[in-house]
Amino acid sequence: MSAASKAREEDQQGASPEDGLSEAERAAVKQRAAELRTGSRRGKDKAAADERDVLEKIAQMPQPDRALAERVHAIVLAAAPELAPKLFYGQPAYARAGKVVCFFRSGQADAQRYSTFGFNPVANLDEDEGLWPTSFALAELTEAGEETIRTLVRRAVS
């Protein structure tokens with residue numbers, strides 16, 4: 001069998017396990033699919049149910065991620081009350097018109113030494129220089145860090 005036909009056969013069968021998604025990535029994709037199914041079944045109280053899901057997810061996080069997520073949740077909602085909390089790949093996120101603007105990812109859930117606070121492309125953060133940050137490592141939250149998040153969230157929804 002030629003190398004080209006072998007490559008075509010592998011493409012048709014899917015990537016090998018080492019080239020595909022990790023177990024954690026597959027779990028995140030399954031979580032996101034479940035979120036979409038749940039969201040489509042919710043009626044008029046969707047926003048309240050979505051926020052309950054986020055608060056429940058935060059409550060399940062081990063410390064110190066729980067404290068970070070609680071604080072980020074409060075800061076985001078105070079800075080941009082028009083954002084709606086919702087789960088995004090099993091983690092807290094904040095959306096406008098159904099599109100996620102920013103999110104918090106638990107470092108412990110991702111087996112990382114820090115959590116992440118990040119923004120999706122719909123966030124209005126573009127800089128004239130063509131370079132701007134889209135995510136931040138979050139190990140602790142100082143007053144300066146809180147102010148940075150507030151400023152960025154306000155700018156993201158402007």
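Which residues make a nonpolar surface patch of about 250 Å²? Here they are: Leu-21, Val-29 and Tyr-89. A patch here takes residues with over 30% relative accessible area and no salt bridge, with nonpolar side chains (Val, Leu, Ile, Met, Phe, Trp, Tyr) joined within 5 Å and like charges within 9 Å. A salt bridge is a side-chain nitrogen of Lys or Arg within 4 Å of a carboxyl oxygen of Asp or Glu, and areas are Shrake-Rupley with a 1.4 Å probe, with only the protein chains shown as cover for residues.

Some housekeeping, friends: this is a predicted model, where local features need pLDDT of at least 70 and side-chain atom pairs 80 or more, while totals for chains, interfaces and linings use all residues. Numbering runs from 1 along each chain as its sequence is written, and side-chain values use heavy atoms, without hydrogens and water.

Leu-21 sits in the loop between helix H1 (3-13) and helix H2 (23-41); helices (H or I, at least four residues) and strands (E, at least two) are DSSP runs, numbered from the N terminus. At 44% relative accessible area, Leu-21 is partly exposed, that is, between buried (under 20%) and exposed (over 50%).

Now inside. The largest nonpolar core (buried Ala, Val, Leu, Ile, Met, Phe, Trp, Tyr and Cys joined through side-chain atoms within 4.5 Å) has 27 residues, and Val-76, Leu-83, Phe-117, Phe-119 and Val-153 touch the most other members. Helix H4 gives the largest share, six residues.

Finally, Ala-67, also in helix H4, is partly exposed at 38%. Its C-alpha lies 9.2 Å from that of Glu-140, 73 residues away in sequence.

Note on methods:
Buried means under 20% relative accessible area, exposed over 50%, partly exposed in between (1.4 Å probe, protein chains only).
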